[in-house]
Amino acid sequence: SIGFINGKYVALDEKAVPIEERGHQFGDGVYEVIRYYNGEGFMLEEHLERLEKSAEAIRIDLEGGIDSIRTIIEEGVKKAAIPDCSVYLQITRGAAERNHLFPKDVPPSVSMTIKPMAPFSKEMLNNGVSVITHPDERWANCYIKSLNLLPNILAKQAAAEKHAYEAILYKDGKVTECSSSTIFIVLNDTVITTPLSKQILPGITRMAVKEICEKAAIRFEEREYTTEELFSADEVFLTSTTSEVLPVTHIDDRKVAEGTPGNLTTLLMELFKAKTG
Ligand code: PDD
């Protein structure tokens, strides 16, 4: 594993952030998580584009733009020499005396960690995971990959305390996404997921699954759906950069269909694996 902050490589436990740093004090920043497979960044450009949009949305100006971030990531991965790794990249509004207002003439802080990623446990892939449902208590701009993750943390912790892997979030009776992943259902051989809006993060893995469905002529529908539809789904799976495509077989202690990964989910897992080389 390797750490990086503002131009310097550091050990992960090095004390490198000033107390008065806005990411630290306010969560005033944005981030990305990118997966490398065999030395290749998976959909790196899509992640960089989303990061650029997140930074713009909270009005952080990147000197050198997104190209400078790409360089930092690529040099970091080369230096770390871990072919299968996850890259965590964070940009904050920088270090300044604590004040809610934006500081003047303070450069953003850029930090990164690069850590090895082991393949997912066979047990989770073969049996699927259990999840809970939980109210979506987040703000109105969840399309921004913001450092402010308190509602996500509380939801995921609630899941863990029920021995579940994730929390499916719902608002006004409709499913939005999970605490740190995208959720899909399969109904009548159609893969269904919540449409993109300010209410959810535009998942990069979601984009990959959509492309896979189009290529494989699997019906793919983006529409809102209710928690009732979730419970009556033929199959359920979640996706994220670190979870990839993962079957969900139990929700709130109820079985999804027969309680085993569904056929379309299994097919999508295979097609996704093929895409990551
Ligand atoms: N989470 N929704 C939320 C709220 C997320 O935090 C994430 C990613 C996703 C899936 O997006 P993607 O497919 O681009 O990883 C959806 C990352 C992995 C994290 O916070 O660790």
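A residue counts as buried here if 20 or more other C-beta atoms lie within 10 Å of its own, with C-beta atoms placed from the backbone. By that count, buried residues make up 39% of the 277 residues in the protein chain. Keep in mind as you click around that this is a predicted model.

**Start with the whole chain.** Show it as a cartoon and you should find eight helices and 15 strands. The radius of gyration is 19 Å, close to the 19 Å from the globule rule for 277 residues, so the chain is as compact as a globular protein of that length. Along its principal axes, the C-alpha trace spans about 55 × 40 × 35 Å. If you like contact maps: of the contacts between residues at least 6 apart in sequence, 68% join residues at least 24 apart.

**Next, colour by domain.** Select 2-116 for domain 1 and 122-275 for domain 2, as the domain assignment has them. Their centres, taken over C-alpha atoms, are 26 Å apart. Where they meet, 18 residues of domain 1 are in contact with twelve residues of domain 2. On the domain 1 side, pick out β3 (29-37), α2 (44-57) and β5 (85-92), each of which supplies at least two residues. β3 gives the most to that side, with seven residues. Colour the domain 1 side by class and you get seven nonpolar, seven polar and four charged residues.

**Now move to a helix pair.** Select α6 (residues 204-215) and α8 (residues 263-275), which pack with their axes 10 Å apart at an angle of about 105°. That angle makes α6 roughly perpendicular to α8, because anything from 65 to 115 degrees counts as such. Show side chains for A208, V209 and I212 on α6, then L268, L271, F272 and K275 on α8: these make the contact. By class, that is six nonpolar residues, no polar ones and one charged.

**Finish with two loop residues.** Most residues other than glycine have a negative phi. So which way does phi go at D172, positive or negative? Positive: the phi of D172 is near 50°. Look for D172 in the loop between β8 (166-171) and β9 (174-178). D172 has 9 C-beta neighbours inside 10 Å, so it counts as exposed, the cut-off being 12 or fewer.

Then jump to D253, which is not a glycine either and has a positive phi of about 70°. D253 sits in the loop between β14 (244-251) and β15 (254-255). With 10 C-beta neighbours inside 10 Å, D253 also counts as exposed.

Terms used:
Residues are numbered from 1 along each chain as its sequence is written. This is a predicted model: local features need pLDDT of at least 70, side-chain atom pairs count only at pLDDT 80 or more; totals for chains, interfaces and linings use all residues. Domain bounds come from an automatic or database domain assignment. Two residues are in contact if their C-beta atoms, placed from the backbone, lie within 7 Å. Helices (H or I, at least four residues) and strands (E, at least two) are DSSP runs, numbered from the N terminus. Ala, Val, Leu, Ile, Met, Phe, Trp, Tyr, Cys and Pro count as nonpolar, Asp, Glu, Lys and Arg as charged, and the others, Gly among them, as polar. Axes are lines fitted to C-alpha atoms, for helices over the stretch in contact, and angles run from 0 to 180 degrees between N-to-C directions. Angles under 35 degrees count as roughly parallel, over 145 as roughly antiparallel, 65 to 115 as roughly perpendicular and the rest as oblique. The radius of gyration is taken over C-alpha atoms; the globule rule is 2.2 Å times the number of residues to the power 0.38.
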